[in-house]
Amino acid sequence: MPILHLASLLLRGPQGMKEIEDGDSGSHTDLFKCTWIGFDVDNALVRYKVPALTRLVFDMQMKFLVQEEGYSKEILLVEYEEFLPLALKGAVIDKQNGNILRVDDTGMVAVAAHGLHLLEEAELRKLYPGVVEGFDPKTKLVSSSKYLLPLLTYFDIPLASVFAAVVATLSRERGGGGGGPGGERPLTETDYVAIVDALMRGLGFNYANFDTNGWFFPAMKKTPGSFMHRLSPDMRQWLRELRSVHGRRLFLLSNSLPAYLDLMMRYVLGDDWLDYFDLAVASSGKAAFFGAADVPYRRHTSFAAPGVEAPLLLPRAGAG
């Protein structure tokens, strides 16, 4: 069975597990030969309210550009809804030409937008005549390179809208495609790269520290219910039964900071969320950590309940 299909059945809870047990999926995979069953957090146990999350990320990045990077306050006046359609999984920022790209399953650019301007077919084929650099025919995704930045998660996909909004605003201020009033030069590759660099600093500013910087975590701490759904009672019961009835050991594997993982899981599962799992890994660095033999696991105790030790994460062989 393809692993994504197996995962989709697993995340359907009791009914999905029944299909795996009964073999209704046409699979030869026996899940109960697995001693451990692992879960990601984002989009697995934690289901986001995507419109609210997308708007939060868009607003915080625009605010960062103005307050921390010195961009014109005019970018705060853009109509968010006009740029929202560009924020799609797999969108690619072209830092050389200042465009947002949509790449099809063959690796060809199907749509390109400069601000809100959609490139005509002739211009599209002139700029992007062949398969996009870094396109993987297996995953149908584009890898990051000098000039291309793919956007793949809810936490960075809104950057497509932000980038396009900034390009549109600055282009308008400079008189469109040519030099603006007073001899201002048009936007160039240098400007596009600078915008992306500023956006990357904005991600670090907003996501790197749970307690000190940014606007993302304060919003999540204040009203987590505005951005996340609680896990259903059936799913809670199913998680318990995987351990108590089926004898499986469960673990979480998340790239999130320990404090943010704790915040999410307390909201979706409750203050006793650690009781559902045998192991919880935060700040995992996946998928890169699978091949990084010099990076040890660590013990995380910051989200352990009083008097309860957090699960032990053993070092890698030969690490540390």
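This is a short exchange about a predicted model, covering its ring pairs, charges, strands and one glycine.

Colleague: How many aromatic pairs does a search of the whole structure find?

Modeller: The model is predicted, and side-chain atom pairs count only at pLDDT 80 or more. A search of the whole structure on that footing gives an aromatic pair count of 15.

Colleague: Are the planes of Tyr48 and Phe155 stacked or edge-to-face?

Modeller: The ring centres of Tyr48 and Phe155 are 5.6 Å apart. Planes over 60 degrees apart count as edge-to-face. The planes here stand at 90°, so the pair is edge-to-face.

Colleague: How many residues apart are Tyr48 and Phe155?

Modeller: Tyr48 is in strand E2, residues 47-48. Phe155 is in the loop between strand E9 (148-150) and helix H6 (159-173). The pair links distant parts of the chain, and the separation is 107 residues.

Colleague: Are Tyr48 and Phe155 buried or exposed?

Modeller: Buried means under 20% relative accessible area. Both Tyr48 and Phe155 are classed as buried.

Colleague: Which residues do ring pairs link into a cluster with Tyr48?

Modeller: Tyr48 belongs to a cluster linked by ring pairs. Its other members are Phe155, Tyr207, Phe210, Phe216, Phe217 and Tyr260.

Colleague: Which helices does the pair of Phe58 and Tyr80 tie together?

Modeller: The rings of Phe58 and Tyr80 have centres 4.9 Å apart and planes at 65°, so this pair is edge-to-face. The two residues are 22 apart in sequence. Phe58 lies in residues 50-67 and Tyr80 in residues 80-83, so the parts tied together are helix H3 and helix H4.

Colleague: Is Tyr80 buried or exposed?

Modeller: Its partner Phe58 has 3% relative accessibility and counts as buried. The cut-off for buried is under 20%. Tyr80 has 8% relative accessibility, so Tyr80 is buried.

Colleague: Which residue has its charged end over the ring of Tyr80?

Modeller: A charged end sits over the Tyr80 ring, 4.3 Å from the ring centre. Elsewhere, Arg230 lies over the face of Tyr267, at 3.9 Å from the ring centre. Over Tyr80, the residue is Arg55.

Colleague: Which residue in the turn between E4 and E5 has a positive phi?

Modeller: Strands E4 (residues 99-103) and E5 (residues 109-114) run antiparallel, joined by four bridges. Val103 stands opposite Val109 in E5. The two strands form a hairpin with five residues between them. The turn residue with a positive phi, about 90°, is Gly107.

Colleague: What is the bridge partner of His114 in E6?

Modeller: E5 pairs with strand E6 (residues 117-118) in the antiparallel sense, over two bridges. These strands form a hairpin with two residues between them, and Gly115 in the turn has a positive phi of about 65°. In E6, the partner of His114 is His117.

Colleague: How many salt bridges does a search of the whole structure find?

Modeller: Side chains of opposite charge can pair when their charged atoms come close. In this model, the salt bridge count over the whole structure is eight.

Colleague: Where is Asp278, the salt-bridge partner of Arg243?

Modeller: The Arg243 and Asp278 side chains meet at 3.0 Å, N to O. Arg243 is in helix H9, residues 233-244, and Asp278 is 35 residues apart from it. Asp278 is in the loop between helix H10 (258-268) and strand E12 (279-281).

Colleague: Why are Asp262 and Arg266 separated by about one helical turn?

Modeller: Asp262 and Arg266 form a salt bridge, with the closest N and O atoms 2.8 Å apart. Both residues are in helix H10. They are separated by about one helical turn because their spacing is four residues.

Colleague: Is Asp271 buried or exposed?

Modeller: Arg266 also forms a salt bridge with Asp271, at 3.3 Å between the closest N and O atoms. Arg266 is partly exposed, at 27%. Exposed means over 50%. Asp271 has a relative accessible area of 59%, so Asp271 is exposed.

Colleague: Which residues is Gly202 in contact with, leaving aside its neighbours within four places in sequence?

Modeller: Gly202 is found in helix H7, residues 189-207. Gly202 is buried, with a relative accessible area of 0%. Beyond those sequence neighbours, its contacts are Gln61 and Phe64.

Conventions: Residues are numbered from 1 along each chain as its sequence is written. This is a predicted model: local features need pLDDT of at least 70, side-chain atom pairs count only at pLDDT 80 or more; totals for chains, interfaces and linings use all residues. Side-chain values use heavy atoms; hydrogens and water are left out. Rings of Phe, Tyr and Trp (its six-membered ring) pair if their centres lie within 6.5 Å; planes under 30 degrees apart count as stacked, over 60 as edge-to-face and the rest as tilted. Buried means under 20% relative accessible area, exposed over 50%, partly exposed in between (1.4 Å probe, protein chains only). A charge sits over a ring if NZ of Lys or CZ of Arg is within 6 Å of the ring centre and within 35 degrees of the ring normal. Two strands pair if DSSP finds at least two bridges between them. A salt bridge is a side-chain nitrogen of Lys or Arg within 4 Å of a carboxyl oxygen of Asp or Glu. Contact means heavy atoms within 4.5 Å.
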